[in-house]
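Subject: Structure handover

Hello,

Here is the structure I promised to pass on. Please open it alongside this note. My findings follow below it.

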Amino acid sequence: MSNYIVYLEQLEGLFAGWQEKYKLFVPQEKEGFYFLEEYSPEAEISFDYDLLYNPPKSFIFPPREDLIEFDLKTYKSKPLFTVSPQILFGLHPYDIKALNQLDQVMDMGSVDVNYRQRRDNTIIMGLTPLRVCPEAFWGSVNAFNVDFGFDLFWTKIGPATFLVEVGSKKGEELLFVNGRVDKATSAEREVARRKKQEIVSLVQKQNRLKYSWEEVPRVLEKSFDSFLWAEKSRKCLACGSCNLICPTCYCFDILDEVDDKLNKGKRYRTWDGCMLESFAKIAGGHNFRGRAAERYRHRYFRKGKYIYDMLGELGCVGCGRCVRVCTARIANPLEVFNVLWEALSYER
Amino acid sequence: MSKPKVAFFDFAGCEGDQLQIANLEERILDIASHVEIVSFREVKTGHSDDYEIAFVEGSITRYEDEERIKEIRSRAKILIALGACATIGGINCLKNFLNEQEYKNMVYGPWARYYSTYAARPVSAVVPVDGEIHGCPIDKEEFVEVVKSLLLGKKYTPPDYPVCVECKKAGNICQFERGRLCLGIITRAGCGGVCVSRGSVCWGCRGPAPSANLDAAREVMDEHGFSWVEVEDRLRLYLGHFLKFN
């Protein structure tokens, strides 16, 4: 696909053009943290953000989503879709990889129509990171680069210059909304390549998986009975924060609500998480994972093995959100994967 | 089908939970159209001892209260504790950490010796309770949800996970990241993380989540640099009953 050059002063015009049809979300700072917030001309865009505080999945798989509407008197129901076209600008590669993974799991078997509807109405614009948050380890889990899953991908190659890679026809059309822009030269492409390399080496230097990511499922397989699970989960508050903040976690619960007159109702879904105590509780009160250690182990097996067995890639993209959000500081996948590997090498 | 008869009662508390129900304003008419309210002194006059569903606000703080709540229990088919004082003992339990003479003098002054009182406790410590609506004050949406569940013959189950879940759904910045002590890590959710969403911290008014790991929470708060005094002080505000008796 083609590469183009966009200058900082062109951005405002482009954004205004896009906003005619789309809701546009760009990274912005709030109290020292970064959020994808709706763009306005006064907004200060944080091109150099290190990590979005909340996972971008919430734009496509919202924390609460109405699914169907039903009538208690006539017993009729109809599906609900409330979707508006949106652009998510400035997603880092690991977050795009996470969305690509969500696409796969949500489309597998019977397609999740609500998810698909939102996804089809979402334009993804990637951005090469300029900074790395201290908890990140995406350099070690094959999430530093994405070849697909974006419509445009932006790399800042100069103080006011961006190289833009085109990922889809729709993306290219959006780029030309105010007329054509310059094509990138091969020298400019080379600068962008080096910018990407630079940040990858930075993240790899700071936090590193001590072995190849492809080995993680095999390390976990041998560690099912490890002492680590009980030891670490002793401090687990069962708050589910690590699940809910994870860009690849997609579990949800389905609930009903009715109006005050008891005539009509809605069925909605809301985020759920396997670290919550009643997640695996079934009718009759039995809990498949009643102990904290079992739940704690399950989460790492989801991230490091079960998703791999299904898709051939890890369920963890190394964004570091769970590391940051866990008040008990026990949710670091990199640390757990490394410790288990070391324990196995001692045994050998 | 005749409409179920509903009555409201209060013990030691500020009646703020009943006020929350009154605050439903016109919505109360829709809800009330399905039931017959026989006793609700904040909203209407009159009283009848013929009721099926009793909502009880306030904690039990005197021997005399026990007799009264037992009588309510014997008349009601369904008894629901309303608000933190009734469900977890609430801030009334603060006195449980003081000497009896001290708090009696504080409250009643020279007439202290005419009043009988004992350690504050939730309704469930005296009689069996069929349902609990947590919070200080209660969330009126949750109250409506409970009433609707009763009418539809469903069992209302309040969330059994901590407030952190709702903060994550709301996209809030964790108060621990701002260096503030927050009890959301152990408190039962259901409020939508309302205090944190509005810039405050969680005070624990909905009581500990069934899965709450109090020992781990103490360790976590210690690691985040909060002193023992700060932590215990905060825990006692709403969770006194659980510290003293459990």
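How many residues of domain 1 of chain B are in contact with domain 2 of chain B, and how many does domain 2 give in return? The count is 17 residues from domain 1 and 12 from domain 2. Bear in mind that this is a predicted model.

Chain B domains

The domain assignment puts residues 5-152 of chain B in domain 1 and residues 164-245 in domain 2. Their C-alpha centres are 25 Å apart. On the domain 1 side of this contact, helix α4 (residues 84-88) of chain B gives the most, with 3 residues. By class, that side has 8 nonpolar, 6 polar and 3 charged residues.

Chain A domains

Both domains of chain A are assigned in two segments. Domain 1 covers 3-61 + 83-206, and domain 2 covers 213-256 + 271-341. Here the C-alpha centres lie 28 Å apart. Contacts link 23 residues of domain 1 to 18 residues of domain 2. The domain 1 side splits into 15 nonpolar, 4 polar and 4 charged residues.

Sheets of chain A

Start with the open sheet of 8 strands. Its order is β3-β2-β6-β7-β8-β9-β1-β10, and the pairing is mixed. The edges are β3 (33-38) and β10 (182-183), each paired on one side only. Within the sheet, β7 (residues 122-127) and β8 (residues 152-158) of chain A run parallel, paired over 3 bridges. A:L127 sits opposite A:W154 of β8(A).

Two helices of chain A go with this sheet. Helix α2 (residues 93-107) packs on it and touches β6 and β7. The direction of α2 makes about 145° with that of β7(A). Helix α1 (residues 8-19) lies across β1 (3-7), β2 (23-30) and β6 (86-91). Its angle to β1(A) is about 105°.

Next, an open sheet of 4 strands. The order is β5-β4-β12-β11 in chain A, with antiparallel pairing. Its edge strands are β5 (77-79) and β11 (252-258). Neighbouring strands are turned by 25° against each other on average, direction ignored. β11(A) and β12 (residues 264-271) of chain A are joined by 7 bridges. One facing pair is A:V258 and A:G265, the latter in β12(A).

Nonpolar cores

The largest nonpolar core has 66 residues. A:L24, A:F25, A:I87, A:L88, A:M125 and A:W138 have the most contacts inside it. Helix α2(A) is its main contributor, giving 5 residues. Each of the two domains of chain A supplies at least three residues to this core.

What does A:I87 touch, leaving aside residues up to four places away in sequence? The partners are A:W18, A:Y22, A:L24, A:F25, A:I123 and A:M125. Another core lies apart from the 66-residue one. This other core has 45 residues, among them A:L276, A:V325, A:A331 and B:I185.

Between the chains

Across the chain A and chain B contact, 28 residues of B meet 28 residues of A. On the chain B side, the elements giving two or more residues are α2 (27-32), α6 (140-152), α7 (164-170) and α9 (214-223). The chain B side divides into 16 nonpolar, 5 polar and 7 charged residues.

Over to you.

Best wishes

Methods: Residues numbered from 1 in each chain as written. Chains lettered and ligands numbered in written order. Predicted model: local features only at pLDDT ≥ 70, side-chain atom pairs only at ≥ 80, totals over all residues. Pairing = 2+ DSSP bridges. Contact = placed C-beta atoms within 7 Å. Axes fitted to C-alpha atoms, helices over the stretch in contact; angles between N-to-C directions. Nonpolar A, V, L, I, M, F, W, Y, C, P; charged D, E, K, R; others polar. Domains from an automatic or database assignment. Core = buried A, V, L, I, M, F, W, Y, C linked by C-beta atoms within 7 Å. Buried ≥ 20, exposed ≤ 12 C-beta atoms within 10 Å, placed from the backbone.
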